Amino acid sequence: MLDYVKVNHQLLNYFVGNTKGLKMVPLEGTYLAWVEFDPSLGDFYQKLFDAGLHVLRGEQFLGKNAVRLNLATTKANVQKAIQIMQKVLNETN
């Protein structure tokens, strides 16, 4: 399980690391990934939600410019999440 989550983390981390306006918080022994986004993206959470990606807001943990994704899922789900995030970013810019 840990190896599978590690691969999912690497996929998301690569995408976020190569995407302007996004930053990933290092994992701290969990399967939940925190992605911070630039305020210029507006309500990125709502945009993701409207596009079909249901993530959790980070307001109570990292502030209003963060979302949380579950990496304990299939690789296909992580790839789909990345595709949705890219689509939202393309529409925002």
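Two residues are in contact here when heavy atoms of one lie within 4.5 Å of heavy atoms of the other. With that in hand, let us walk through this structure, which is a predicted model, starting from one residue and working outwards.

## A starting point: Leu71

Leu71 sits in the loop between β4 and α3, the helix of residues 75–92. Leaving aside residues up to four places away in sequence, Leu71 touches Val5, Asn8, His9, Leu12, Leu27, Tyr31, Ala33 and Val78. Is Leu71 buried or exposed? Its relative accessible area is 1%, so Leu71 counts as buried, a label that applies under 20%. Leu71 also offers a nice example of distant parts of the chain coming together: Thr30 is 41 residues away along the chain, and the C-alpha atoms of the two are separated by 8.9 Å.

One of the partners of Leu71 is His9, a residue of helix α1. His9 has contacts with Met24, Leu27 and Leu71, again not counting residues up to four places away in sequence. His9 is buried too, because its relative accessible area is 18% and the cut-off is 20%. Leu27 thus appears in the contact list of Leu71 and in that of His9.

## The chain as a whole

Stepping back, the protein chain has three helices and four strands. Following the sequence, you meet them in the pattern α-β-β-α-β-β-α. The C-alpha trace spans about 35 × 25 × 20 Å along its principal axes. For 93 residues, a compact globule would have a radius of gyration near 12 Å; the chain has 12 Å, so the two agree.

Of those 93 residues, 34% count as buried. The accessible surface of the chain comes to about 5800 Å², and carbon and sulfur atoms account for 52% of it. Contacts across the sequence can be summarised as well: among those between residues at least 6 apart, 58% join residues at least 24 apart.

## The sheet and the helix packed on it

Now to the strands. In general, strands of a sheet pair through backbone hydrogen bonds, in either a parallel or an antiparallel way. Here the four strands make an open sheet with antiparallel pairing, in the order β1-β2-β4-β3. At its edges are β1 (22–25) and β3 (56–57), each of which pairs on one side only. Helix α1 (residues 2–17) packs on this sheet and touches β1, β2 and β4; its direction makes about 145° with that of β1.

Taking the pairs in turn, β1 and β2 are antiparallel and share four bridges. Val25 has Trp34 of β2 as its bridge partner. Six residues lie between the strands in the hairpin of β1 and β2, and Gly29 in that hairpin takes a positive phi near 70°.

Next, β2 (residues 32–37) and β4 (residues 66–70) run antiparallel and are joined by five bridges. Along this pair, Ala33 stands opposite Leu69 of β4, and Glu36 has Ala66 of β4 as its bridge partner. Ala33 is also among the residues that Leu71 touches.

Finally, β3 and β4 are antiparallel as well, with two bridges between them. Leu56 is partnered there by Arg68 of β4.

## Aromatic pairs

How many aromatic pairs are there? The count comes to two, and here they are side by side:

| Pair | Arrangement | Centre to centre | Angle between planes |
|---|---|---|---|
| Phe37 and Phe44 | tilted | 5.2 Å | 50° |
| Tyr45 and Phe49 | stacked | 6.3 Å | 25° |

Both Phe37 and Phe44 are buried. Why are Tyr45 and Phe49 separated by about one helical turn? They are four residues apart in helix α2 (residues 44–50), which explains that spacing. Tyr45 counts as buried because its relative accessibility is 15%, under the 20% limit. Phe49, in contrast, has a relative accessible area of 35%, so it is partly exposed.

## Putting it together

If you have the model open, Leu71 is a good place to begin: its partners include Val5, His9, Ala33 and Val78. From His9 you arrive at helix α1, which packs on the sheet. Following the sheet from one edge to the other then takes you through β1, β2, β4 and β3 in that order.

Methods. Residues are numbered from 1 along each chain as its sequence is written. This is a predicted model: local features need pLDDT of at least 70, side-chain atom pairs count only at pLDDT 80 or more; totals for chains, interfaces and linings use all residues. Side-chain values use heavy atoms; hydrogens and water are left out. Two strands pair if DSSP finds at least two bridges between them. Axes are lines fitted to C-alpha atoms, for helices over the stretch in contact, and angles run from 0 to 180 degrees between N-to-C directions. The radius of gyration is taken over C-alpha atoms; the globule rule is 2.2 Å times the number of residues to the power 0.38. Buried means under 20% relative accessible area, exposed over 50%, partly exposed in between (1.4 Å probe, protein chains only). Accessible areas come from the Shrake-Rupley method with a 1.4 Å probe; for residues, only the protein chains shown count as cover. Rings of Phe, Tyr and Trp (its six-membered ring) pair if their centres lie within 6.5 Å; planes under 30 degrees apart count as stacked, over 60 as edge-to-face and the rest as tilted.
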